[in-house]
Amino acid sequence: MKTYQEPFFHEKESKVTNIEEKYGFLLVELDDTIFYPAGGGQPCDTGIIKNNYFEGKVVDVSKKNSKIVHKLKIIDGTLKINDRVICQHSIKRRLSLVRMHSGEHVFMGALLKTIKDIKVDKVRLDEDESSLFVICRDLTWEKIFEAEKLANKIIKENKDIIVKDVTKEEAAKIPELRIKLDRIKDEKIRIVEVKDYDIAACAGTHALKTGFIGNILITKFNIVRGVYEIRFKTNVSEELFELARIARLSSSIIKKDVKEVPDFIKKLMTDNELKTNKIRELSSKLVQDVNEEKINDINFISNIFQDVERKQLVDHAASLVKEKTIVCFINKIGEDSQLLIMASEDSSIKANELLKEVMKKFNGRGGGRNNFAMGSLKTDFSEKALETLKELVKTTISNSS
Ligand SMILES: [Zn+2]
């Protein structure tokens, strides 16, 4: 095991073997390092490198070919090649990443045992919340709960986590080994086994026993381009109380037992959908009622409605636009009203310009194109705005003819 893979090795004396200065940072190489370089989904360690004459903050550690480069922000002093330095981890971050990484192995093991067709795509670990990206047919909260329960059981059982090196040939003989053999260039492969439970090829830092993880909580999941991202935290207690607080508060609002909250919300959603459909039906009847008059050879169609769905308003207006037509609808919704203007191409009226003029007068906002414009103004101005619109149409038409 490399020094930087030792999970609980937080301080070490090392020798500086190379230094480069770049953009105000020092790029330092050491004869041996405790700092894990970012890789395999695990971010780098951070911390301090110092001696009697120098102190630098480790802000990034990366591995290029076999070289590990520490990016240091100088706090004080100077550093030379061959200097001996004390390296110290940011211990909280390191321990959190050890928990996250071990937790990820245990949870992935649980997913494999509970969902048949699941495959890991990638892992992105972080100090506070990590992500596991998986591919499977249909992930649901129920399936996640089942895997989460199993993972927490394995954590509680405090199973050994065993790390060892094997050859490629030996690795090929372990049927349950999770490995992407084509991605591995080295002849030697490091494998991490949660005893009698899960075995995977991995270069990261892991706990010695599953109990160290504390617990695992799946916080959310979503799908992007066919890949599920499952977010999780480990060793949580405050979050659990916070979730319990929300659950109890929700149950008190709806005056039901906590266990009844999900079914009750589902029922509310269904009822709400039914009601929305009913309102849609009613408002589609409401918009049928319009006033039609002639301004010269133009059909001027208008009305003021209340609480009509925007889509219905637009659809109905569009259905009324024939040759030489202007449609002006106002839709009152609480304190604000929507104003819609549609104009046929041959009407010599530009909807967006007309809207602009009305909005200027009534301090409203909106925009659109020549044939269609929409804006919003205060409901108190609705009647006045429609009158003004009609006047403007009259003036524009008589000027153009
Ligand atoms: Zn690992």
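This report describes the overall dimensions, sheets, helices and nonpolar cores of a predicted protein model.

## Overall form

The protein chain contains 8 helices and 19 strands. Its radius of gyration is 33 Å, whereas a compact globule of 401 residues would have a value near 21 Å. Taken along the principal axes, the C-alpha atoms fill a box of roughly 95 × 55 × 45 Å. Of the 401 residues, 29% count as buried. Among contacts in the chain with a separation of 6 or more, 58% are between residues 24 or more positions apart.

## The hairpin of β1 and β2

Strand β1 (residues 11-22) runs antiparallel to β2, to which 6 bridges join it. The two strands form a hairpin with 2 residues between them, and Tyr23 in the turn has a positive phi of about 45°. Lys22 has Phe25 of β2 as its bridge partner.

Strand β2 (residues 25-30) shows an alternation of its side chains: Leu26, Val28 and Leu30 are buried and point to one face, while Phe25, Leu27 and Glu29 point to the other and are not buried. Strand β2 also pairs with β5 (residues 67-77), in the antiparallel sense and over 3 bridges. Within that pairing, Leu27 has Lys71 of β5 as its bridge partner.

## The four-stranded sheet and its helices

An open sheet of 4 strands follows the order β7-β8-β13-β12, with antiparallel pairing. Its edge strands are β7 (119-124) and β12, each of which pairs on one side only. From one strand to the next, the twist averages 25°.

Strands β7 and β8 are joined by a hairpin through 5 residues. These strands run antiparallel and share 5 bridges; Val123 has Leu132 of β8 as its bridge partner. Strand β8 is also joined to β13 by 5 bridges, again in an antiparallel arrangement, and there Val134 is partnered by Tyr228 of β13.

Two helices lie across strands of this sheet. Helix α1 lies across β7, β8, β12 and β13, running at about 25° to β8. Helix α2 lies across β12 and β13, and runs at about 145° to β12.

## Nonpolar cores

The largest nonpolar core has 31 residues, of which Val106, Phe107, Leu132, Ala151 and Ile216 touch the most other members. Two or more residues come from each of α1 (91-114), β8 (130-135), α2 (141-156), β10 (188-194), β12 (216-224) and β13 (227-234). Helix α1 gives the largest share, 8 residues. Not counting residues up to four places away in sequence, Phe107 touches Leu132, Ala147, Ala151, Ile216 and Phe232. Another core, of 29 residues, lies apart from the largest one and includes Ile298, Ile341, Ala373 and Ala385.

## The six-stranded sheet and helix α6

An open sheet of 6 strands has mixed pairing and the order β14-β15-β16-β17-β19-β18. The strands at its edges are β14 (291-295) and β18 (365-368), each pairing on one side only. The twist averages 15° from one strand to the next. Edge strand β18 runs antiparallel to β19 (residues 372-378), with 4 bridges joining the two, and Arg365 has Ser376 of β19 as its bridge partner.

Helix α6 (residues 310-320) has Leu313, His316 and Ala317 as its buried residues. Seen down the axis of α6, these residues fall within an arc of 100°, so they line one face of the helix. The face turned away from the buried side carries the exposed residues Lys311, Asp315 and Ser319. Strands β16 (325-333) and β17 (336-343) are among the elements that cover the buried residues of α6.

## Antiparallel strand pairs

The following table collects the antiparallel pairs described above, with a bridged residue pair for each.

| Strand pair | Bridges | Bridge partners |
|---|---|---|
| β1 and β2 | 6 bridges | Lys22 and Phe25 |
| β2 and β5 | 3 bridges | Leu27 and Lys71 |
| β7 and β8 | 5 bridges | Val123 and Leu132 |
| β8 and β13 | 5 bridges | Val134 and Tyr228 |
| β18 and β19 | 4 bridges | Arg365 and Ser376 |

Technical notes: Residues are numbered from 1 along each chain as its sequence is written. This is a predicted model: local features need pLDDT of at least 70, side-chain atom pairs count only at pLDDT 80 or more; totals for chains, interfaces and linings use all residues. Two strands pair if DSSP finds at least two bridges between them. Axes are lines fitted to C-alpha atoms, for helices over the stretch in contact, and angles run from 0 to 180 degrees between N-to-C directions. A nonpolar core is a set of buried Ala, Val, Leu, Ile, Met, Phe, Trp, Tyr and Cys residues joined through C-beta atoms within 7 Å. A residue is buried if 20 or more other C-beta atoms lie within 10 Å of its own, exposed if 12 or fewer, and partly exposed in between; C-beta atoms are placed from the backbone. Two residues are in contact if their C-beta atoms, placed from the backbone, lie within 7 Å. The radius of gyration is taken over C-alpha atoms; the globule rule is 2.2 Å times the number of residues to the power 0.38. The arc is that of the directions from the helix axis to the C-beta atoms.
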